[in-house]
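Trainee: I'm new to this one. Could you take a single helix and walk me through it closely?

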Amino acid sequence: MNQSDEKFAVNIQQQLSDSLNDIDTDVLNRLRQARTLAVNAARQKESRNTDIISLAFPQWLAPASTATAFATIAFVAITVWTQPAFLTTPLTPTIIEDIAVLSSSDDLDLYENLDFYIWLEHEDSTS
Amino acid sequence: MTGQNREIEAAQSLEDFLQSIERRAFKTAYISTSSKEDALDIVQDSMMNLAQKYADKPTNEWPMLFQRILQSKIRDWYRRQKVRNQWRTFFKGQNDEDDLVESAPDLNNNKPDDKFIQTQAMHTLENALQNLPLRQRQAFLLRTWEGMDVAETAEAMQCSQGSVKTHYSRAIHTLREILEDYR
């Protein structure tokens, strides 16, 4: 934009700004009403949000919930600290076998009587 | 600070902000619509929109948010007018009686906007601005009157910076041709 354009724009800007003082009283009153309505709407929305938060989480609940949180953390910490040894024991071959049996689609009766079948086989081979 | 005090302070900030921009917003809308009632509606809707949706945003973001809302409302108004005019044109040939009533001169010359326009110079300037295409007028008013730079104007108009430059340049040249006195 050249200097001449700038001067032209400044002149128009000045003219427009001056015209703001000529706005009639009726318009000004209605603008004030519109502003008041808007501010009230914002306040109502803010109050509604505060109410919702208060209902969902009452003030008196704050200390109680903090105490509950600490108690939970302490409980979990103690439980982990003093957990039974079996939880930390690595899986033994027996356990792995059990898992294989339980996850198998074979008839469980076969496994329940497995000792009997082993004995029977042993008897057959020795006799 | 208690919640209630914070609420009062926030409401006061919003009130101050709206008060600082309401006249300029009205004038912008008026230049775009040539109608006091429509301009007031647009400003009221824009204020309400800002208050309901963006009042919790940082106060330094309000001017740009408000401009975006205002410019969108003005564009919506244009679209509605366009549709209305199409229907009017469509029915014009079918109902001559309505046409006569609409085109009858106002003998009392009680056009409400006449009171509003107080000086001839302002009247000429407003006419020139009103005759600009919408996007050119928006670019011109945002850059010249609102003092926005190209990037801010592009954001408010929701278009590219290149478009803003083009619209603004065309607006300046058209206005200079019409308003010789302002040179």
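Mentor: Sure, let's start with the outward-looking part of H1(A): A:Gln3, A:Ser4, A:Glu6, A:Lys7, A:Val10, A:Gln14 and A:Asp18 are exposed there. Exposed means that 12 or fewer other C-beta atoms lie within 10 Å of a residue's own, buried means 20 or more, and partly exposed is in between, with C-beta atoms placed from the backbone. Keep in mind that this is a predicted model, where local features need pLDDT of at least 70, side-chain atom pairs count only at pLDDT 80 or more, and totals for chains, interfaces and linings use all residues. Residues are numbered from 1 along each chain as its sequence is written, while chains are lettered from A and ligands numbered from 1 in the order in which they are written.

Now for the buried side: in H1(A) that is A:Ala9, A:Ile12, A:Leu16 and A:Ser19. They sit on the same side of H1(A) because they cover an arc of only 80° around the axis, judged by the directions from the helix axis to the C-beta atoms. An α-helix has 3.6 residues a turn, so residues three or four places apart point the same way.

As for its extent, H1 of chain A runs over residues 3-19, which is 17 residues. Helices here are DSSP runs (H or I, at least four residues), numbered from the N terminus. From first C-alpha to last, H1 of chain A reaches 24 Å, close to the 24 Å expected at 1.5 Å a residue, taking 1.5 Å times one less than the number of residues.

Note on methods: Helices (H or I, at least four residues) and strands (E, at least two) are DSSP runs, numbered from the N terminus.
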